[in-house]
Amino acid sequence: MRPSRPTIADVARAAGVSKGAVSFALNGRPGVGEETRTRILAVAASLGWAPSHRARALSVSRAFSVGMVIARPPELLGADPFYPSFIAGVERTLADRGQALVLQVVPDLSVEEASYRRLANAERVDGVFVLDLRLGDPRIALLAELRLPAVTIGRPDVPSDHPALLVDDRPGVAAAVNHLVELGHRRIAHVSGPLHFLHGSVRQQAWEQALAAAGLPTGRSIESDFSAAGGAQATRTLLEGDDPPTAIVYGNDLMAIAGLSIAVQQGIRVPDELSITGFDDTELAGYVNPALTTVRTDPFGWGRAAADALLDLIDGKPEADIPIPPARLIVRGSTAPPPIPPS
């Protein structure tokens, strides 16, 4: 028979104090002397007492959980290395602070709002992370209506009272374009993620602005979906078109690595005949051949910072936007001067 777990009453009986005194001591609240507190904690430890999460949640009307709703096809989510790293950072902080993550992956936007409403109405979470911000994102107003504390990953383009992790992709993209311009490239194309995502749109704008600042005309840009298959198809379209580019700036590493593979299949030498840059600096980027020049971000650190900010917000601490270090370019073997045109 499974032994029953010790209760506060057991600790009180063994320590010779009231259950109220035990509660004060175990929750770090005033009301008991330091000597008594030390004795109660020692007795609790000797009995193997551990707090009941359910009882704790009921006593303070808290779920001790935070939520993350992601509206992407699950198979696409699994292929994107950003999410495992970001979630690992979130989990690391939540574990340190005795909290849990409720993750819901929904197939499309039609069920996204209902997921947020269920989480809020059932009081399953105390707050949420908002990722994959969209242009005019309706979730900002929805979360205000639900009175659900939230931290956004990036600053929305609509009015928002939620603290934001100040992700700025523009310096990284500009550095990639400037690097290619300094190498001598003049036909620099772009493969973007979905442009209804704020980060997809911002990265494309940064590419355009960097070309304009260099005095170059806007090259060809193809909207893709951040997937390997999408990156491969976009690369075929660019390389098989008239006047193909000598360099391609991709919206993430996954599409860039797929594009590199397509170039090799078509007998195009990288970087001698085509330069390629990615975004994210995933682990694989340093091991493909040639190693990928890319923009380094820190999704693990972002996850930790976002979790700290959200838990502080839930605890009632005033929370401002959270600055993070800017992304930076990592130059590797996939970029080089463009081929010399035949005379």
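Two strands are paired here if DSSP finds at least two bridges between them. Helices (H or I, at least four residues) and strands (E, at least two) are DSSP runs, numbered from the N terminus. This is a predicted model, in which local features need pLDDT of at least 70, side-chain atom pairs count only at pLDDT 80 or more, and totals for chains, interfaces and linings use all residues. Residues are numbered from 1 along each chain as its sequence is written, and side-chain values use heavy atoms, with hydrogens and water left out.

Select S1, residues 65-71, together with S2: seven bridges join the two strands, which run parallel. Within this pair, pick Val-66; its bridge partner in S2 is Leu-101.

Widen the selection to the open sheet, where six strands follow the order S2-S1-S3-S4-S5-S11 with parallel pairing. S2 (100-106) and S11 (322-323) are the edges; each has a single partner strand, so one side of each has no neighbour in the sheet.

Next, add H13, residues 299-314. H13 lies across S1, S3 (128-130), S4 (150-153), S5 (164-166) and S11, contact meaning heavy atoms within 4.5 Å. Its angle to S4 is about 155 degrees; axes are lines fitted to C-alpha atoms, for helices over the stretch in contact, and angles run from 0 to 180 degrees between N-to-C directions.

Finally, select H7 (residues 112-121) and H8 (residues 139-146), which pack at about 20 degrees with axes 11 Å apart. H7 is therefore roughly parallel to H8 (angles under 35 degrees count as such). On the H7 side the contact includes Tyr-116 and Ala-120, and on the H8 side Leu-142 and Leu-143.

Conventions: Angles under 35 degrees count as roughly parallel, over 145 as roughly antiparallel, 65 to 115 as roughly perpendicular and the rest as oblique.
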